Amino acid sequence: MIKLAIIGVGNCASSLIQGIEYYKDKKNKTGFIAEKIFGYEIGDVEIVGAIDIDQRKIGKDVSEAIFTDPNCAVKFCDVPKKNVEVMKGEVYDGVAKHMTDSFKVDDNQKSVDVAAYLKSADADFAICYLPVGSEEAVRFYAQKSLEAGVGFINAIPVFVCSTDEWSKKYADAGLVCIGDDIKAQFGATYTHRILTESLLKRGIAIDDMYQLNVGGNTDFENMIDEERLTNKRISKTTAVDSLFGDTEKPPVRIGPSDYIPHLNDTKICYINIHGRQFGDQKIEIDLKLKVEDSPNSAGIMIDVVRLAKGAKDKGMKGEVSIISSFGFKHPKVKMHEDQIYPQLQEFMNS
Ligand SMILES: NC(=O)c1ccc[n+]([C@@H]2O[C@H](COP(=O)([O-])OP(=O)(O)OC[C@H]3O[C@@H](n4cnc5c(N)ncnc54)[C@H](O)[C@@H]3O)[C@@H](O)[C@H]2O)c1
């Protein structure tokens, strides 16, 4: 089994937990890179712990908490009781000033000792699903995971696993850490990256590009505060402009662009690219991508945890670059998508 503790029982956690249930007995397993990874099937992934700070989720079984407001991810599977009660963590900077109506905190509810809880849950990995901009909170949970002897998978654009400092801390503790900022199965970042790679490979000169994203879930509501967005912009932008290597980068503007409440968990992305082809003739691409935001990252996370457990079984320590490059926008080592797959296959066959 692969035992997971979830930190932040929001929409991504909802899709992940539903997905584990949904694919247990399904023959046709769409949405994964492989049915078995290092011998682990989807049904081998188990939730053993859950932490949040929203008073409406704390004390509930995680199977119920994932369908509790303000979560709005599509329900595609009933989840039976898991006997995992959501415990209260520490708030730190997890709740932005403009989010206090959306994330409701009751100061009278008692926080759990996070390190002791993660240890007693015997989790292989803690998955961090906090809101963008939770710089202090993510580092707090990363430290507590370390103290608990639990590996860390960071789905959010706070730079932990991609830094030498934290990778070394985890390596010294004999633990695996993977991140940062989950890259969805076929989302804005992946689409923009493969489009850019293809244009460059075919000798197109890219003059400028932008990527706008809108959505209606709490992730988008949280991201209207530009101050919380610095690392999200860095993560999303470097995922694309790192493809230019040492050559001059064109002007690029990428990021979350607006919160449209009635879209709920639907995310719409617009990519625009201006370039020049043979004879300096103009080429322009306008692309619209519409997806359900949270399910889009859940299959990748199920692949990532199986890869990470394989790495743990092999005795690997610290950040594992091929897993981070495959599943995350801001890995320690930047690679082209077409380099990632052969290396991933090699790793999975090792
Ligand atoms: N959907 C995707 O494809 C995708 C892609 C990349 C990154 N992400 C990132 O993953 C993260 C999670 O996304 P989401 O849509 O589930 O967000 P969400 O807003 O639905 O969930 C966040 C959860 O964290 C809880 N929380 C806030 N502060 C906390 C704290 N200090 N301790 C414990 N819990 C706390 C909230 O109560 C909420 O339940 C976001 O940062 C998002 O940007 C998502």
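**Close-up 1. What surrounds the ligand in this predicted model.** Sort the shell around the ligand by residue class and you get 19 nonpolar, 13 polar and 6 charged residues. Of the 38 residues around the ligand, the ones that come nearest are Gly8, Gly10, Cys12, Gly94 and Ser297. Several named elements chip in: α1 (11-22), β2 (45-52), α7 (218-222) and α9 (293-313) each give the shell at least two residues. Helix α9 has the largest share, with 4 residues.

**Close-up 2. The ligand sits between two domains.** Here we look at how the chain is split up. Domain 1 covers 2-184 + 295-348, and domain 2 covers 188-293. Both domains hand residues to the shell around the ligand, so the ligand shell lies between them. Taken over C-alpha atoms, the centres of domain 1 and domain 2 are 25 Å apart.

**Close-up 3. Where domain 1 meets domain 2.** Each partner brings 27 residues to this contact: 27 from domain 1 and 27 from domain 2. On the domain 1 side, α9 and α11 (337-348) each put in at least two residues. That side of domain 1 is made up of 13 nonpolar, 8 polar and 6 charged residues. Helix α9 is worth a second look, as it also supplies 4 residues of the shell around the ligand.

**Close-up 4. Helix α4, a mostly covered helix.** This one runs over residues 135-148, which makes 14 residues. From its first C-alpha to its last, α4 reaches 20 Å, close to the 20 Å expected at 1.5 Å a residue. Of those 14 residues, 10 are buried. Among them are Val138, Phe140, Tyr141 and Leu146, and the buried set also includes Glu135 and Lys144. What do the buried residues of α4 pack against? They pack against the strands β1 (2-7), β4 (125-128) and β5 (151-154), plus the helices α3 (114-121) and α5 (164-172). Right after α4 comes Gly149, with a positive phi near 75°.

**Close-up 5. Gly39, out in a loop.** Follow the chain from α1 towards β2 and you'll find Gly39 in the loop between them. Is Gly39 buried or exposed? Gly39 has 10 other C-beta atoms within 10 Å, and 12 or fewer counts as exposed, so Gly39 is exposed. To get a feel for distance, pair Gly39 with Arg233: the two are 194 residues apart in sequence and 37 Å apart in space, C-alpha to C-alpha.

Terms used
Residues are numbered from 1 along each chain as its sequence is written. This is a predicted model: local features need pLDDT of at least 70, side-chain atom pairs count only at pLDDT 80 or more; totals for chains, interfaces and linings use all residues. A residue is near a molecule or strand if its C-beta atom, placed from the backbone, lies within 6 Å of it. Ala, Val, Leu, Ile, Met, Phe, Trp, Tyr, Cys and Pro count as nonpolar, Asp, Glu, Lys and Arg as charged, and the others, Gly among them, as polar. Domain bounds come from an automatic or database domain assignment. The expected span of a helix is 1.5 Å times one less than its number of residues. A residue is buried if 20 or more other C-beta atoms lie within 10 Å of its own, exposed if 12 or fewer, and partly exposed in between; C-beta atoms are placed from the backbone. Two residues are in contact if their C-beta atoms, placed from the backbone, lie within 7 Å.
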